[in-house]
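Welcome, and thanks for taking a look at this one with us. Please open the sequence and the 3D view side by side before reading on.

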Amino acid sequence: MKALLPRLGKEEYCYVTTKGRVTGKPHKIEIWFGLNNKTLYLLSGGMDKSDWVKNMKKNPSVTVRIGNHTFQAAARIVMDGKEEKMARHLLAGKYQGWKEGKKLSDWGRTALPVALDLIEESKT
């Protein structure tokens, strides 16, 4: 997995599947992401009101597909200030061309940072 992740980090989107907190049915979203080591970072513009965030909070066990590779992951809200700053800069850099010394966009400053800690690649 270690050699594969840097290449997958260049993909434009990932697909995250959560378990519906009410129905229990799979709920899949396409979303921008940043990858740092074995952790995938997402920013929720809808903060904790987004369905996918509510689902993750109820059941943090999620599946994430990047390209042709699918992983099991554990979701969590980023609480550590240093990790939060890194996640914001990572995503703003990848999608908005942010560079050190520049101001973050509203999205980069205010969206809720969520981490998906990759556990293992699914055998499918």
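Here is a short tour, from the sheet to the cores, the aromatic rings and a few single residues.

This is a predicted model. Its seven strands form an open antiparallel sheet in the order 2-1-5-6-7-4-3. The largest nonpolar core has 25 residues, and ring pairs link Trp 32, Tyr 95 and Trp 107 into a cluster.

**The sheet**

- If you walk across the sheet, the strands come in the order 2-1-5-6-7-4-3, with antiparallel pairing.
- The edges are strand 2 (26-31) and strand 3 (34-36), each of which pairs on one side only.
- From one strand to the next, the twist averages 35°.
- Helix 3 (residues 81-96) lies across strand 3, strand 4, strand 6 and strand 7 (112-121). Its direction is at about 80° to strand 4.

**Strand 5 and its partners**

- Strand 5 (residues 61-66) is joined to strand 6 (residues 69-77) by six bridges, and the two run antiparallel.
- These two strands form a hairpin with two residues between them. In the turn, Gly 67 has a positive phi of about 60°.
- Strand 1 is also antiparallel to strand 5, and three bridges join them.
- Thr 63 has Gln 72 as its bridge partner in strand 6, while Thr 17 stands opposite Thr 63 too.
- Val 64 of this hairpin stands opposite Phe 71 in strand 6.
- Which residues make up the covered face of strand 5, and which the uncovered one? Val 62, Val 64 and Ile 66 are on the covered face, whereas Ser 61, Thr 63 and Arg 65 are on the uncovered face.

**The nonpolar cores**

- Within the 25-residue core, the residues with the most contacts are Cys 14, Val 16, Leu 40, Leu 42, Met 56, Val 64 and Leu 116.
- Two or more residues of this core come from each of helix 1 (5-8), strand 1 (14-19), strand 2, strand 4, helix 2, strand 5, strand 6 and strand 7.
- Which element gives the most to this core? Strand 7 does, with four residues.
- Cys 14 is a good residue to click on. Leaving aside neighbours within four places in sequence, Cys 14 is in contact with Ile 29, Glu 30, Ile 31, Phe 33, Leu 40, Leu 42, Val 64, Arg 65 and Ile 66.
- Apart from this core lies another, of seven residues, among them Leu 43, Leu 91, Ala 111 and Ala 115.

**The aromatic rings**

- A pair of aromatic rings is described by the distance of the centres and the angle of the planes.
- How many aromatic pairs does a search of the whole structure find? The search finds two.
- Trp 32 and Tyr 95 are a stacked pair, because their ring centres are 4.3 Å apart and their planes are at 5°. For stacking, the planes must be under 30 degrees apart.
- This pair links distant parts of the chain, 63 residues apart: Trp 32 is in the loop between strand 2 and strand 3, and Tyr 95 is in helix 3.
- Trp 32 is partly exposed, with a relative accessible area of 32%, whereas Tyr 95 is buried at 17%.
- Trp 32 and Trp 107 have their ring centres 5.5 Å apart and their planes at 80°, so this pair is edge-to-face.
- Trp 107 is in helix 4 (residues 106-110), 75 residues from Trp 32 along the chain.
- Together, the ring pairs join Trp 32, Tyr 95 and Trp 107 into a cluster.

**Ser 50 and Lys 58**

- Ser 50 is in the loop between strand 4 (39-44) and helix 2 (51-58).
- Is Ser 50 buried or exposed? Ser 50 is buried, since its relative accessible area is 15% and the cut-off for buried is under 20%.
- The side chain of Ser 50 makes a polar contact with the side chain of Ser 44, at 3.0 Å.
- Lys 58, in helix 2, is exposed, with a relative accessible area of 61%.
- Lys 58 and Lys 85 are 27 residues apart along the chain, and their C-alpha atoms are separated by 25 Å.

Key:
Residues are numbered from 1 along each chain as its sequence is written. This is a predicted model: local features need pLDDT of at least 70, side-chain atom pairs count only at pLDDT 80 or more; totals for chains, interfaces and linings use all residues. Side-chain values use heavy atoms; hydrogens and water are left out. Buried means under 20% relative accessible area, exposed over 50%, partly exposed in between (1.4 Å probe, protein chains only). A polar contact is a pair of N or O atoms within 3.5 Å; within protein, one must be able to donate a hydrogen and the other to accept it, and residues adjacent in sequence count only if both atoms are side-chain atoms. Two strands pair if DSSP finds at least two bridges between them. Axes are lines fitted to C-alpha atoms, for helices over the stretch in contact, and angles run from 0 to 180 degrees between N-to-C directions. Contact means heavy atoms within 4.5 Å. A nonpolar core is a set of buried Ala, Val, Leu, Ile, Met, Phe, Trp, Tyr and Cys residues joined through side-chain atoms within 4.5 Å. Rings of Phe, Tyr and Trp (its six-membered ring) pair if their centres lie within 6.5 Å; planes under 30 degrees apart count as stacked, over 60 as edge-to-face and the rest as tilted.
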